[in-house]
Amino acid sequence: DLTLLIDNNLLNMRLGMNVLPTRLVIENRRLDRPKERNTYSSVDVAPSAQVKFKIAEGESTVQLKYNGRSSMPSVNSLSATTDYSNPMNIYTGNSNLKKSFAHNLGIELKYKALLRATVDYSRTENQVTMLTRLHPTTGARRTMPENINGNWSIRSYLFLSKQIDEVSFNLIALHNH
């Protein structure tokens, strides 16, 4: 884990990188077949950056954030064995899965105590999800993990506040997509 921090009167910046080497060894033992051994090696990374600018005499700020994270699929997802314990719901692992990478971007504006507005965007590449196929005659399910792309989300938040004497009026608006 490595972090660089710069902090002065106008700028606060933090850059970071987390590195996690990982090695998985999966042994599949079946009575009717020879033992299979698969080894998966990966270096998961988590870069991050945060930059905060002070504006309007230090009472207001603009902040930009980025966080990323790669992650190796779980042992259960990578194991190529098939679970037939429930014949109506058969699960098979997928040894060909790729590791996923999640991106999170954000911007935030604060103006004194009156306004706070944020917009956050998230996207995941090679996200692991479950693919289910139904047998047309029996209705039996066959489920296995697969990599997909195209998942994203955006969230916005607005907070307005007005103080009149001892009464505070607040307006909060949220949007998710």
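**Exercise 1.** Is D44 buried or exposed, and which salt bridge does D44 form?

*Solution.* D44 has a relative accessible area of 11%. Buried means under 20% relative accessible area, exposed over 50%, and partly exposed in between, with a 1.4 Å probe and protein chains only. D44 is therefore buried. The next step is the partner: D44 forms a salt bridge with K99, and their closest N and O atoms are 3.9 Å apart. A salt bridge here is a side-chain nitrogen of Lys or Arg within 4 Å of a carboxyl oxygen of Asp or Glu. The pair links distant parts of the chain, with D44 in strand β3 and K99 in the loop between β6 and β7, 55 residues apart. K99 counts as partly exposed because its relative accessibility is 34%.

The model is predicted: local features need pLDDT of at least 70, side-chain atom pairs count only at pLDDT 80 or more, and totals for chains, interfaces and linings use all residues. Residues are numbered from 1 along each chain as its sequence is written, and side-chain values use heavy atoms, with hydrogens and water left out.

**Exercise 2.** How many salt bridges does the count come to, and which parts does the pair R155 and D120 tie together?

*Solution.* By the rule given above, the count comes to four salt bridges. In one of them, R155 pairs with D120, the closest N and O atoms being 3.2 Å apart. R155 lies in strand β11 (residues 151–164) and D120 in strand β8, so the pair ties together parts that are 35 residues apart in sequence. Strands are DSSP runs (E, at least two residues), as are helices (H or I, at least four), and both are numbered from the N terminus. R155, at 33% relative accessibility, is partly exposed, and so is D120 at 22%. R123 also forms a salt bridge, with E125, at 2.7 Å between the closest N and O atoms.

**Exercise 3.** Where is S85, and with which side chain does the side chain of S85 make a polar contact?

*Solution.* S85 sits in the loop between β5 (82–83) and β6 (89–92). At 66% relative accessibility, S85 counts as exposed. Its side chain makes a polar contact with the side chain of D83, at 2.8 Å. A polar contact is a pair of N or O atoms within 3.5 Å; within protein, one must be able to donate a hydrogen and the other to accept it, and residues adjacent in sequence count only if both atoms are side-chain atoms. D83 in turn stands opposite Y91 in β6.

**Exercise 4.** What is the strand order of the open sheet of four strands, and which are its edge strands?

*Solution.* The order is β5-β6-β10-β9, with mixed pairing. The edge strands are β5 and β9 (127–134), each pairing on one side only. Two strands pair if DSSP finds at least two bridges between them. β5 and β6 pair in the antiparallel sense over two bridges.

**Exercise 5.** Which residues make up the largest nonpolar core, and what does L24 touch?

*Solution.* The largest nonpolar core has six residues: L24, I26, Y40, M72, L78 and L97. Such a core is a set of buried Ala, Val, Leu, Ile, Met, Phe, Trp, Tyr and Cys residues joined through side-chain atoms within 4.5 Å. Not counting residues up to four places away in sequence, L24 touches N38, T39, Y40, M72, P73, V75 and L78. Contact means heavy atoms within 4.5 Å.
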